[in-house]
Amino acid sequence: MSKRFYVTTAIDYVNGQPHLGHAYEKVIADVIARARRSLGQETFFLTGLDEHGQKVQQAAVAEGKSPQAYCDELAAIWKAFAAKLELTNDDFVRTTEARHKQVVQAILSKLHAEGHFYKEVYRGFYSTREETFLTHKDRRPDGTFDPAYGEVVELDEENYYFRLKDHQQWLIDYIEQNPTFVAPAYRRNEVLGFLKNNVLEDLCISRPAARLNWGIPLPFDPDFVTYVWFDALSNYITIPAAQGDPGVPGSLRPQPSTLNPQLALWPADIHLVGKDILKFHAVYWPIMLKAMGAPLPKQVLAHGWWQKDGQRMSKSTGNVVDPIKVIDEWGVDAFRFYVLRELDIGPDGNWTEAGFKARYSAELANGLGNLVNRSLSMLKRYRNGIVPAQHDELSSRAVFLSEQVRGQLVENRLQDALQSIWALVTVGNQYVDQMAPFKLAKDPAKAERLDEVLYNLTEVCRILAVLLWPFLPGTAARINAQLGLPGAPDKFSGAHWGGLAPGHTIGTPTPLFPRKDP
Ligand code: ME8
């Protein structure tokens with residue numbers, strides 16, 4: 001069996017509330033996964049939760065719970081969130097699962113045996129909130145640390161370190177020779193700039209169990225647990241390894257070997273991550289993989305961050321967008337549409353309620369919704385819902401735009417793809433306005449022309465359902481159902497002209513996006 005297209009998201013910290021940024025990233029990954037499946041590629045989409053670390057341990061203690069019980073409760077909320085977004089993830093990893101821990105320990109044992117780690121005493125500053133060591137370089141001009149680090153304490157402790165210095169040059173060469181390894185291009189330049197202008201400091205990969213025990217014990221020294229980032233990054237390969245992926249080096253697969261030649265995932269095709277965690281994914285993770293003897297992922301794709309009304313979102317100021325509230329009020333497809341149409345993968349975005357409502361009203365209700373509703377209603381009214389003989393007036397434009405969308409999906413240009421799809425919506429709406437079928441219907445001599453116009457409109461609606469499927473799956477399915485077609489429009493091959501059979505009877509037209517009073 002050939003390798004599946006494998007797309008991952010960042011795994012979210014379990015102790016936060018699911019917010020707009022999390023939802024945005026997961027929806028992008030879902031569209032990429034659905035698009036690949038629609039295009040006929042076997043696909044595997046992984047998302048999940050990052051559950052270890054001091055913050056989780058402290059929060060659990062504060063609530064009088066065991067860390068595992070605390071994580072289990074939150075994980076249920078996060079899984080429900082994934083379902084609410086209508087994600088089609090094939091698996092959901094939790095870093096506290098045995099299958100993950102086992103492979104992390106196999107990775108650590110291998111790297112330790114091969115001399116990648118050493119033990120040393122560290123003296124300096126530590127931010128619990130960011131679970132990271134700080135140096136004087138991290139101080140602000142006035143000598144203090146950024147409040148984003150939370151409480152910073154002075155530490156004097158022994159830890160294990162991963163030697164990184166020998167890895168710097170090959171990584172620079174690799175990124176230069178593989179121009180799409182980090183995308184978009186300006187993020188790649190940032191990573192290259194960082195690598196060329198700094199000497200990589202060795203990565204601390206442990207925390208003393210005496211200070212923090214909510215982590216995966218180092219297999220070669222149980223007085224320590226694994227640093228959360230080493231643990232978390234590994235998820236992308238632990239799940240394939242646990243499932244017996246033949247693309248994962250054999251020494252990392254759990255024993256007895258669970259080799260499953262049917263499931264080839266590694267190397268990942270896309271690691272989708274936010275810009276803030278790019279360094280972990282484009283610097284540390286490739287080095288970890290190289291040391292493990294595993295091939296590197298094809299791409300680290302970094303998306304931007306959302307603000308609300310031009311301000312950073314923060315619970316303390318109340319300046320947040322609650323995706324669940326938006327979905328409950330407007331529907332999941334309205335949410336998915338706004339984030340994908342408003343913001344390309346890369347730059348930062350700004351959520352405004354006025355912007356959301358404007359897109360809902362112009363593009364969803366008056367654009368797509370109106371086209372589908374008036375096209376199908378006219379077919380129902382004038383032809384009893386029966387599809388007339390095939391006519392190809394809009395064929396070339398529909399085929400041209402569908403092919404454009406296909407190319408954009410393959411390149412993960414989701415915002416561009418939505419623009420192409422809406423170009424077809426506009427073609428349809430303008431056609432209604434120009435051909436005025438409601439006038440043709442009044443003149444029996446124009447019956448044949450009316451048949452032609454109605455075929456073109458109904459067929460455009462059918463093709464739109466296919467193109468929309470990865471983005472707005474519920475809406476695409478509703479269009480299909482209103483067309484009286486079975487199943488979901490989930491195969492891109494259906495976007496060819498002439499799929500609607502003359503004589504077929506459509507279902508009942510109902511508005512897709514009810515207009516809301518301002
Ligand atoms: O970083 N806009 O978890 P996390 C867009 N556990 N994206 C945002 C965002 C915003 N306002 N805020 C956060 C972690 N994100 C680690 C990842 S991966 C091996 C471990 C994105 O819950 C953020 O950029 O803080 C990241 O990609 C994801 O949400 C999870 O963030």
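The legends below describe close-up views of a predicted model.

**View 1. The ligand and its closest residues.** The shell around the ligand holds 23 residues. Ile-11, Glu-25, Asp-50, Asp-276 and Trp-306 come nearest. A polar side-chain atom of Glu-25 lies 2.6 Å from a ligand oxygen atom. The side chain of Trp-305 places an N or O atom 3.1 Å from an oxygen atom of the ligand. Trp-306 contributes through its backbone: an N or O atom there is 2.9 Å from a ligand nitrogen atom. On its own, the ligand has 670 Å² of accessible area, and the protein covers 93% of this.

**View 2. Make-up of the ligand shell.** Four elements each supply at least two residues of the shell: strand E2 (12–13), helix H1 (20–38), helix H7 (228–233) and strand E13 (270–274). Sorted by class, the shell has twelve nonpolar residues, seven polar residues and four charged residues. Glu-25, one of the nearest residues, has the side-chain contact of 2.6 Å to a ligand oxygen atom.

**View 3. The four-stranded antiparallel sheet.** Strands E6, E5, E7 and E9 form an open sheet in the order E6-E5-E7-E9. The pairing is antiparallel. Strand E6 (132–134) and strand E9 (203–204) each have a single partner strand, so one side of each is left without a neighbour in the sheet. Strand E5 (residues 117–127) pairs with strand E7 (residues 152–162) over eleven bridges. Within this pair, Lys-119 has Tyr-160 in E7 as its bridge partner.

**View 4. The three-stranded antiparallel sheet.** E10, E12 and E11 make an open sheet in the order E10-E12-E11, with antiparallel pairing. Strand E10 (206–208) and strand E11 (217–218) stand at the edges. Each has a single partner strand, so one side of each lacks a neighbour in the sheet. E10 is joined to strand E12 (residues 221–226) by three bridges. One pair to look for is Arg-207 with its bridge partner Val-225 in E12.

**View 5. Strand E14 and its parallel partners.** Strand E14 (residues 300–303) points Val-300 and Ala-302 one way. Leu-301 and His-303 point the other way, and all four of these residues are buried. Strand E8 (residues 182–183) pairs with E14 in the parallel sense over two bridges. Here Val-182 has Val-300 as its bridge partner. E13 also runs parallel to E14, and the two pair over four bridges. Leu-272 stands opposite Leu-301 in E14. Helix H9 (residues 278–292) joins the picture as part of a right-handed β-α-β unit with E13 and E14. E13 also belongs to the setting of the ligand, where it supplies at least two residues of the shell.

**View 6. Strands E3 and E4 side by side.** Strand E3 (residues 43–50) pairs with E4 in the parallel sense over four bridges. Gly-48 stands opposite Val-93 in E4. From strand E4 (residues 91–94), Asp-91 and Val-93 point one way, while Phe-92 and Arg-94 point the other way. All of these E4 residues are buried, the charged-class Asp-91 and Arg-94 included.

**View 7. Two cis peptide bonds before proline.** The bond joining Ala-183 and Pro-184 is cis, with omega about -5°. Pro-184 lies in the loop between E8 and helix H6 (185–197). The peptide bond from Trp-266 to Pro-267 is also cis, with omega near 5°. Pro-267 lies in the loop between helix H8 (235–242) and E13.

**View 8. Positive phi at Asn-384 and Ala-436.** Asn-384 has phi near 60°, a positive value in a residue other than glycine. Asn-384 is found in the loop between helix H12 (353–383) and helix H13 (395–410). Asn-384 has a relative accessible area of 59% and is therefore exposed, the cut-off being over 50%. Ala-436 has phi near 45°, again positive in a residue other than glycine. Ala-436 lies in the loop between helix H14 (414–435) and helix H15 (437–440). With a relative accessible area of 8%, Ala-436 is buried, because buried means under 20%.

Notes:
Residues are numbered from 1 along each chain as its sequence is written. This is a predicted model: local features need pLDDT of at least 70, side-chain atom pairs count only at pLDDT 80 or more; totals for chains, interfaces and linings use all residues. Side-chain values use heavy atoms; hydrogens and water are left out. Two strands pair if DSSP finds at least two bridges between them. A residue is near a molecule or strand if one of its heavy atoms lies within 4 Å of it. A polar contact is a pair of N or O atoms within 3.5 Å; within protein, one must be able to donate a hydrogen and the other to accept it, and residues adjacent in sequence count only if both atoms are side-chain atoms. Accessible areas come from the Shrake-Rupley method with a 1.4 Å probe; for residues, only the protein chains shown count as cover. Buried means under 20% relative accessible area, exposed over 50%, partly exposed in between (1.4 Å probe, protein chains only). A crossover is right-handed if, with the strands pointing away from the viewer, the path from the first strand over the helix to the second runs clockwise.
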